[in-house]
Amino acid sequence: MTAPQPLNDQEIRAFVCRHTDVFQDQQMLQVEEISDGNINFVYRVSDGQNSVILKQALPYIRIIGEGWPLPVDRIRIEAQALGFFNMCSPNSSPEVLHFERSQHVILMEDIGDYHNLRHVLIRGDKPTSIGSQLGQFLAMLHYTSSDFLLDSIAKKCMVASYLNPQLCSISEEVYFLDPFCDHERNNVSQGVRSMAQALWQDDELKLGVTQLRYQFMNDAQVLLHGDLHTGSVFVTQSAFKVIDPEFAFYGPAGFDLGVLLANLLLSYASQVGKSHVAQRDETQAYLIDQIEQLVNSYFGEFDALLQAKINDPVLQQQGFDTLFLAGVRESAMGFAGIEMTRRTIGIAHVADLDEIEDDERKTLAEMLSLTLAASLIKQRTKLTTTADLAALIKDCQAS
Ligand code: SR1
Ligand code: MG
């Protein structure tokens, strides 16, 4: 039997005209494939004036094919999560124009005026308040989906409607398993092979990884984006949109914060690849500022929301809010270390490191990433302020 195929251009034009009233003439529509992630097919459909985005899920991973099957229910979860994000924080995600369950297709607003944050940072552009905007967005998402606001039954129904077993299973493997053993899926550069071999033997590190994986598998605290790297964020100088929540599920709040923090740190580590020292220092200072903004605004906003309203009378117990947020901070630091490790030596790398042309500088950047990652995992209980985090980053760079 042949595998289900991506829609062809004619089918895409017909689909878009059937499900929107944006376009006059089907034959005038241009279809451009803009798939950028690993998993789905994405197209921009335009008549020169108006445009929409069509995203199609097939029952396998796009870049691998039928060899890695993946249920199409992920696109139902993505449509649902995009709606929830916009409900929590208006205009924080592309508007879903139509979701067609039978064909596993979302039609959504084209955010063509926004740019992929990973590429923005690689170019050296510096959007000024992206750290604090994303920290506030995440705090609002996590609080709104938590037991602090929802009643027990509503929360459990939310957990059920975001069960995403196969995508969680992928994350359990590609974040927590492969990078911490000599797995055939890993992609380890020659320059950091000996560091990778050392970390595969590091029992203290692997115990931390095990604790974090167990939290990822069991702590259904809040609705997570589930894959919040800088390629899942689009920005202008003053605004952002979060895309691509197909990995959304109920998990530990520290996961989203940790993954985002890690991607800013990967950008930080990649600056070691620059020969122009003043430019490197300026960009690293900018990134530290964004990291501090992200962490401080997340905890500041979450704390303010908790002070304003906790519905559950037991969760109102004095001191529980502080304990909860301290736990989130600790796990976020650990998850950041996991994400950095997997993006450096696992199956899914990041362009920030991979596009460094000079091999020696690339090795130095990858070494800094792995050093920082291991410190974040091992020292996560001690990083109780952003000053502690900034000091750890400086120490790792100096070592
Ligand atoms: C097999 S590739 C897995 C990764 O691709 C997605 O973009 C997610 O980051 C996932 O971990
Ligand atoms: Mg993605």
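## A tour from the ligand outward

Begin by selecting ligand 1 in this predicted model, where helix α6 contributes the most to the surrounding shell, with three residues. To display that shell in full, select Gly-37, Asn-38, Ile-39, Ile-61, Ile-170, Ser-171, Val-174, Asp-227, Ile-347 and Ala-348, which are the residues around ligand 1. If you colour this selection by residue class, you will find six nonpolar, three polar and one charged residues in the shell.

Next, colour the protein by its two domains, selecting residues 9-109 as domain 1 and residues 115-398 as domain 2. With these colours on, return to ligand 1 for a moment and look at how its shell is made up, since domain 1 and domain 2 each supply at least three residues to the shell.

Now turn to the two domains themselves, whose C-alpha centres lie 27 Å apart. How many residues of each domain are in contact with the other? On the domain 1 side there are 19, and they are in contact with 18 residues of domain 2. The side of domain 1 that touches domain 2 consists, by class, of 11 nonpolar, six polar and two charged residues.

From here, go back to helix α6 by selecting residues 165-176, and add helix α11 by selecting residues 320-345. Two packed helices are described by the angle between their axes and the distance between the axes. For α6 and α11 the angle is about 80°, and the axes are 8 Å apart; because angles of 65 to 115 degrees count as roughly perpendicular, that is how α6 and α11 stand to each other. To see where they meet, show the side chains of Val-174, Tyr-175 and Phe-176 on α6 together with those of Ile-338, Glu-339 and Arg-342 on α11, as these residues make the contact. By class, this contact of α6 with α11 has four nonpolar and two charged residues, and no polar ones. Val-174 deserves a second look here, as it takes part in the contact with α11 and also belongs to the residues around ligand 1.

Finally, select residues 31-263, the span that an unreviewed UniProt entry annotates as "domain: Aminoglycoside phosphotransferase". Its end C-alpha atoms lie 31 Å apart, and the span is 40% helix and 20% strand.

Technical notes: Residues numbered from 1 in each chain as written. Chains lettered and ligands numbered in written order. Predicted model: local features only at pLDDT ≥ 70, side-chain atom pairs only at ≥ 80, totals over all residues. UniProt positions renumbered as here; feature names shortened; annotations may be inferred. Helix = DSSP H or I, 4+ residues; strand = E, 2+ residues; numbered from the N terminus. Domains from an automatic or database assignment. Contact = placed C-beta atoms within 7 Å. Nonpolar A, V, L, I, M, F, W, Y, C, P; charged D, E, K, R; others polar. Axes fitted to C-alpha atoms, helices over the stretch in contact; angles between N-to-C directions. Parallel < 35°, antiparallel > 145°, perpendicular 65-115°, else oblique. Near = placed C-beta within 6 Å.
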